[in-house]
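Me: I am new to this structure and would like a close look at a single part of it. Please take one sheet and the elements around it, and then place that part in the whole chain.

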Amino acid sequence: MLTQYYRPEPNFITADVAQALSEDVEVIVVCAHPNYPFGRYYDGWGGWRGWLPRRTQEGQVTVWRLPVLAYAGNSMWRRALCYGSFLLGAALLAPFAAFRPDVVWVYQTPFTTALAAMVARYVGGARLVYTAADLWPESMLAARVMDPGLLMRMLFTYSRWINRHAHRIIASTEGTLERYAGDGVPRERLCHVPVWVDAAPDTAVELPVDAATGTGVVYVGNLGPAQRLDTLVRAGAMLREQRIPVEVHLYGSGSAEAELRRLASELDARNVTFHGRVAPAEALQVSASAFAQVVSLEPSELFARTVPSKLAFSFAAGAPVLYGLQGEAARIVARSGGGLVFDPEDPGSLVRAIVQLLQRSPEERSDMRAALRSFYAAHFSRAELLARYRALLLDEVRHSVTK
């Protein structure tokens with residue numbers, strides 16, 4: 001398994017799949033020393049040891065962690081150095097960590113990671129499987145790391161090139177799958193498996209006793225520019241000015257956090273509180289206990305084909321969802337029956353959605369929670385999605401050993 005991010009970083013899918021597969025096959029993970037999303041090594045991983053590979057045994061899974069030039073900001077070149085340093089280390093170490101593997105699974109965040117698998121594919125004869133967790137390189141445009149131009153066109157060409165080398169591509173959204181099919185990847189190589197929620201049960205969280213009467217609006221996740229959380233902060237200030245008794249709570253960290261804190265201070269939004277990062281289980285409980293949850297993304301062609309992993313998290317928590325989304329993600333929330341839409345660029349529309357939710361009866365809000373729990377169980381159950389991953393990858397192993 002090649003993945004730049006691995007637990008204890010918030011990339012739980014790779015660790016879940018690795019542990020599940022290790023019951024049947026030998027699993028070796030090559031990843032980076034934990035640094036995401038801070039852009040610096042976690043405590044205990046820095047110092048001189050941070051410049052050396054480290055091998056650990058986690059259950060039945062062997063994990064090799066490599067040094068990288070950690071970075072989490074919006075500089076295109078520094079981010080390229082971060083991605084490139086892992087790519088180089090993985091390409092050099094992977095053949096020694098796992099000699100002639102049957103299958104190489106590449107978790108493509110970022111999509112440069114796939115290059116490190118080419119030796120195993122063409123020299124060792126391994127079958128190559130990608131998971132497209134994000135739609136690259138479009139996500140670099142959406143995150144404002146890059147602008148359209150020659151370099152971006154080159155990255156699109158690279159994306160099409162590496163996709164042609166995969167025996168199978170697992171897309172986390174239908175929009176990503178359709179984009180790859182449009183690029184010429186045969187449909188029989190494409191499959192769709194949504195992401196699931198870290199620390200979530202296989203059924204959504206039950207309704208807390210006081211949730212129907214609370215007035216706390218919660219955002220949990222990455223505080224980045226693509227999430228347009230300035231709209232949430234401005235809406236909080238408008239709620240305070242209009243004397244609407246609603247508290248706004250943001251949990252998480254990211255590159256836009258300092259700017260958002262300054263904005264809240266400038267607007268005197270004293271009803272907006274930043275709590276920093278919390279453990280996944282605590283984040284889930286906080287969201288479940290909220291009056292409402294916010295999920296938003298900046299309007300763009302990319303995000304119209306994107307389903308943020310936070311959406312599954314919100315369904316698991318079960319509180320009504322205020323969503324500033326478009327395309328596939330917006331259709332999913334609308335279909336669930338547990339959300340109210342707003343314009344992610346218009347704080348007033350978010351205020352109106354909050355007021356509309358306040359005007360609903362406790363029974364109506366409880367019905368929204370029940371609808372979200374039912375939708376989660378049907379479409380985002382961790383046990384069901386993990387079983388699909390396990391079946392797909394074991395099928396690739398069987399293809400490899402019988403060829």
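Reply: Two strands count as paired if DSSP finds at least two bridges between them. The model discussed here is predicted.

The part chosen is an open sheet of three strands, in the order β1-β3-β2, with mixed pairing. Its edge strands are β1 (27-32) and β2 (54-58), each of which pairs on one side only. On average, neighbouring strands of this sheet are turned by 25° against each other, with direction ignored.

Look next at β2 and β3. Strand β3 covers residues 61-66 and pairs with β2 in the antiparallel sense, over five bridges. One of the facing pairs is arginine 55 and tryptophan 64, the latter in β3. Glutamate 58 has valine 61 of β3 as its bridge partner. The hairpin of β2 and β3 has two residues between the strands, and in this hairpin glycine 59 takes a positive phi near 65°.

Two helices lie across strands of the sheet. Helix α1 (residues 12-21) lies across β1, β2 and β3, and runs at about 160° to β1. Helix α2 (residues 76-97) lies across β1 and β3, running at about 155° to β1.

Cysteine 31 deserves a separate remark. Cysteine 31 is buried, because its relative accessible area is 0% and the cut-off for buried is under 20%. Cysteine 191 is also buried, with a relative accessible area of 14%. A disulfide is a covalent bond between the sulfur atoms of two cysteines. With a cut-off of 2.5 Å between cysteine sulfur atoms, the count comes to zero disulfides. For cysteine 31, the nearest cysteine sulfur belongs to cysteine 82 and is 13 Å away, and cysteine 31 is in no disulfide.

Now the whole chain. The protein chain has 14 helices and 13 strands. Its radius of gyration is 21 Å, close to the 22 Å that the globule rule gives for 403 residues, so the chain is as compact as a globular protein of that length. Taken along the principal axes, the C-alpha atoms fill a box of roughly 65 × 40 × 40 Å. Of the 403 residues in the protein chain, 56% are buried. Contacts between residues at least 6 apart in sequence join residues at least 24 apart in 72% of cases. The protein chain exposes about 17,400 Å², and carbon and sulfur atoms supply 54% of that area.

Definitions and conventions:
Residues numbered from 1 in each chain as written. Predicted model: local features only at pLDDT ≥ 70, side-chain atom pairs only at ≥ 80, totals over all residues. Heavy atoms only, no water. Helix = DSSP H or I, 4+ residues; strand = E, 2+ residues; numbered from the N terminus. Axes fitted to C-alpha atoms, helices over the stretch in contact; angles between N-to-C directions. Contact = heavy atoms within 4.5 Å. Buried < 20%, exposed > 50% of the residue type's maximum accessible area, 1.4 Å probe, protein only. Rg over C-alpha atoms; globule rule 2.2 N^0.38 Å. Areas by Shrake-Rupley, 256 points an atom, 1.4 Å probe, with all protein chains shown as cover.
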